[in-house]
Amino acid sequence: MSTQDKVKINKLPTGVPGLDEIVGGGLPEFSFNIVAGAPGSGKTTLAHQFVFANASAERPALYFTVLGESAIKMLRYQQQYTFFDPAKLPDSIRFINLSQVVLEKDLGAVLDEITKEVEKANPAVVVVDSFRTMVRKPESDMDLQSFIQRLALFLASWQATTFLIGEYAEDELRDNPIFTVADGLLWLRQTAERNSIVRKLQVIKLRGQDSVPGLHTFRITDAGIQAFSRTFGLTARRRNPPSNRRLCFGIPELDKMLDGGVREGDSVLVAGSSGTGKSVLATQFIAEGIVHGEPGIVAVFEERPEAYAERATSLGLDLETPQKEGKLTILYLRPLDLSVDETMQSILDAVQKIGAKRLVIDSLAGFEMALSPGFRADFRESLYRMIFALTGIGVTILSTVEVDESFTEFPFSTYSISFLTDDIIRLRYVSIDGQLRKIMVVIKMRGGNHAKDIREYEITSKGVVILGKRLTEYQGLISGIPVHSG
Amino acid sequence: MTTLREMRDLAQRLMACEANASNTSESAELIILRVYEKLRKSLGEFAGSAAFRSLASRALAMARSEIPRLQAVQVAEDGALKGLGYGLGHGLSEFGPQIHFEEDRPGEQPIGDDGIAVIARLLGLLLIFLGEPITLRLLRNAWPGAAFDERSSDIGRKP
């Protein structure tokens, strides 16, 4: 069958930022969906967001409440969200309570009632919240599966996109015949990780859609649910072909060591212990980009943006003006309990907003500390996904990482993340002639012919300055305790 | 904050709507009951009859603190109001387009205030729980064509 012969399935916006990307562009029109999860996981809020995004006076939404949360209390709380538009009530969104029918009659009567209301209102969206509470009476003349089957058939024929909301525990997912009826099954989870709450959603099933597999973090704020796709919304973006363009630091000797600079679209790691000038180098990298018309983002975790800009001023670098001109954004991402994906989404949003070409993450240790403990396990994987996604669209990323100074080893990172970096610049202290001095070496440069020299440098009022020529008179420089051989 | 007086005003306007809608002259109790029944139907459909009954019982209890003789009035299992106007048939003015109730006078409530007190308290509860926009939308749905916006109501007006 050719593409034009296939029936076109319209995709409806979910009303949940980030969720459209996860479900493959929107929810299929006329689909019959189940939103499952434990109490408090955000099921009702998700359904409300969908309803408010899609209901109109011509094709309203019918929201059937059954037992459980009363409609009055539900609306009392739901109207606190910014997506809640009271002007849509009751013409575009009608709440109908079925608790009496459920209590006094059976599922057949509930189906009759829903049928009657749907035929009367011709709705585009139907929600039953919560359908699970309907099965209360063992003498019910219709079991839940049969009820759902008939309901699905009826509502699809009436061209309604449907949500059934149900409280389900994780172990009920397996072998539940009810889920086979649904076109879509969204599972919301809420788990405690030490002192933090981690919310994740999963599209377990969505017929006809290329949804993003896996668990996606979501957060509930006063704007409702916001979901963070594991692919950061970049699945549709094509990867740029590798570039041979070099991006300079503006430090002539270092740029020479890097064979002209780092390759555009590379991920660079600057590793060193405290005080070796990682942040200074990162600031020079971003400032040099702005000089060359390349907008930049600095994600800071260990100091406030004002302090960061002030420190740059002391190095003769102006970060204030480009911020005002929209060429630079300094993101402060310190609040605790951030999920790794939402932190990365903030970075991505900023990158896309100003069309950033250079991104500094200062530092990876601070980044990890800003995350809730439950997300730290995902840190490396998420970082990999973000770096892969951003470098793929041509953004050059410089991350700083603090390493414990050891005089027996020469580690690059405590995160074992060197696999996701193209280039590594290592800074370290050395003991020379009774002084603690600093040396720099380019450890790795993927696809480039970098210098092998070990160079001494200083941090001056002009930033990092590389001194003289390579240190040829010492042996064992990288041990930190070299021996004078000259 | 919305005052009881504003709620009484709103209740009176609902009664005026009902009185206007009726071609025949009816007693105040009947009009009050018709207003109450419309609220019961509208809220019952939206929130369920049990939820309506709970709100109505609370409204009645609060109204009783104002008018002790409402002890004789009860909210039935289905949410209907029973006993309103029992023994109070005389002295009630007939409602019409010129409907007017006396102002609040503590200890001296006119007899026709009984039903209004219950409805005013019920409307007050809706405002507390749902807020003004949703409450007014529910009322507009029950009384299509009636003006319940801020221009004709004290609800939501800054004092």
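Two residues are taken to be in contact if their C-beta atoms, placed from the backbone, lie within 7 Å. On this criterion, in the predicted model described here, 14 residues of chain A are in contact with 15 residues of chain B. On the chain A side of this interface, the elements that give two or more residues are helix 3 (71-78), strand 5 (93-97) and helix 4 (99-104), and the largest share, 4 residues, comes from helix 3 of chain A. Sorted by class, the side of chain A that touches chain B has 8 nonpolar and 5 polar residues, together with 1 charged residue.

Elsewhere in chain A, an open sheet of 9 strands is found with mixed pairing, in the order 16-15-17-18-14-19-20-21-22. Its edges are formed by strand 16 (328-332) and strand 22 (463-466) of chain A, each of which pairs on one side only. Neighbouring strands of this sheet are turned against each other by 25° on average, direction ignored. In general, the strands of a sheet pair through backbone hydrogen bonds, in either the parallel or the antiparallel sense.

Within this arrangement, strand 18 (residues 396-402) of chain A is mostly covered, 6 of its 7 residues being buried. Strand 18 of chain A runs parallel to strand 14 (residues 267-272) of chain A, with which it pairs over 6 bridges, and Glu402(A) of strand 18 serves there as the bridge partner of Gly272(A). Strand 17 (residues 358-362) of chain A is also parallel to strand 18 of chain A and is joined to it by 4 bridges; in this case Ile397(A) of strand 18 is the bridge partner of Leu359(A).

At the edge formed by strand 22 of chain A, the pairing is antiparallel, with 4 bridges between this strand and strand 21 (residues 454-460) of chain A. Across this pair, Glu458(A) stands opposite Val465(A), which belongs to strand 22 of chain A.

Two helices of chain A are placed against strands of the sheet. Helix 15 (residues 379-392) of chain A lies across strand 14, strand 17 and strand 18 of chain A, and runs at about 150° to strand 18 of chain A, the strand that is mostly covered. Helix 10 (residues 305-314) of chain A, in turn, lies across strand 15 (296-300) and strand 16 of chain A, where its direction is at about 130° to strand 16 of chain A, which is one of the edge strands.

Key. Residues numbered from 1 in each chain as written. Chains lettered and ligands numbered in written order. Predicted model: local features only at pLDDT ≥ 70, side-chain atom pairs only at ≥ 80, totals over all residues. Nonpolar A, V, L, I, M, F, W, Y, C, P; charged D, E, K, R; others polar. Buried ≥ 20, exposed ≤ 12 C-beta atoms within 10 Å, placed from the backbone. Pairing = 2+ DSSP bridges. Axes fitted to C-alpha atoms, helices over the stretch in contact; angles between N-to-C directions.
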